[in-house]
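Here's a quick briefing on the model you have open. Take a look at the fold first, then at a few spots in the loops.

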Amino acid sequence: METYYKPEDLEKFETMGEKVPSLGEKFFDYYGAVFAEGALTAREKSLIALAVAHTVQCPYCIDAYTNDCLEKGLNEEQMTEAIHVATAIRGGASLVHGVQMKNIVEKLEF
């Protein structure tokens, strides 16, 4: 099945630094540093990345971090729960912006 997003394109991610190597190097150095062990484990960071990937709806990131989570010993239940957390935050953020609408309505009502 032909799709817009091709899983094999994920392997080409690193080529995005070819034409402007100075920026590519900075990004990939930063990216690597972000996912290094720190106050959070690499496992925790992978789970966060999976949840964020669903929030920003990046199929490449979803593929990459699903595999990464599995490699780091996370299971489907844990990953699904993380996705629900992201979904709740995303939905809540949309809903709370309704207060802006209410403020405008209140201001314009006579």
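A residue counts as exposed when its relative accessible area is over 50%, as buried when that value is under 20%, and as partly exposed in between. Keep in mind that this is a predicted model. By those cut-offs, glutamine 57 is exposed, because its relative accessible area is 60%.

**Overall fold**

- The protein chain has five helices and zero strands, so along the sequence you read α-α-α-α-α, and with a radius of gyration of 19 Å, well over the 13 Å the globule rule gives for 110 residues, the chain is more spread out than a compact globule.
- If you're setting up a box, the C-alpha atoms fill one of roughly 60 × 40 × 40 Å along the principal axes.
- Just 15% of the 110 residues in the protein chain are buried.
- The accessible surface comes to about 8,900 Å², and carbon and sulfur atoms account for 61% of that.
- Take the contacts between residues at least 6 apart in sequence: 47% of them join residues at least 24 apart.

**Leucine 40 and the nonpolar patch**

- Leucine 40 sits in the loop that links α1 (21–34) to α2 (42–56).
- Is leucine 40 buried or exposed? Neither: its relative accessibility is 37%, so it counts as partly exposed.
- Leu40 also belongs to a nonpolar surface patch, where its partners are Ile48, Val52 and Val56.
- Together, these four residues offer about 330 Å² of accessible area.

**Glutamine 57**

- Glutamine 57 is found in the loop between α2 and α3 (59–71).
- What's odd about the backbone of glutamine 57? Its phi is positive, at about 60 degrees, although the residue is not a glycine.
- For context, most residues other than glycine have a negative phi.

**Histidine 97**

- Histidine 97 falls in the loop between α4 (76–96) and α5 (98–108).
- With a relative accessible area of 59%, histidine 97 is over the 50% cut-off, so it counts as exposed.
- Which backbone atom does the side chain of histidine 97 reach? That would be the backbone oxygen of alanine 93, at 2.6 Å.
- Histidine 97 and proline 59 are 38 residues apart in sequence, and their C-alpha atoms are 27 Å apart in space.

Key
Residues are numbered from 1 along each chain as its sequence is written. This is a predicted model: local features need pLDDT of at least 70, side-chain atom pairs count only at pLDDT 80 or more; totals for chains, interfaces and linings use all residues. Side-chain values use heavy atoms; hydrogens and water are left out. Patches are made of residues with over 30% relative accessible area and no salt bridge: like charges are joined within 9 Å, nonpolar side chains (Val, Leu, Ile, Met, Phe, Trp, Tyr) within 5 Å. Accessible areas come from the Shrake-Rupley method with a 1.4 Å probe; for residues, only the protein chains shown count as cover. A salt bridge is a side-chain nitrogen of Lys or Arg within 4 Å of a carboxyl oxygen of Asp or Glu. Helices (H or I, at least four residues) and strands (E, at least two) are DSSP runs, numbered from the N terminus. Buried means under 20% relative accessible area, exposed over 50%, partly exposed in between (1.4 Å probe, protein chains only). The radius of gyration is taken over C-alpha atoms; the globule rule is 2.2 Å times the number of residues to the power 0.38. Contact means heavy atoms within 4.5 Å. A polar contact is a pair of N or O atoms within 3.5 Å; within protein, one must be able to donate a hydrogen and the other to accept it, and residues adjacent in sequence count only if both atoms are side-chain atoms.
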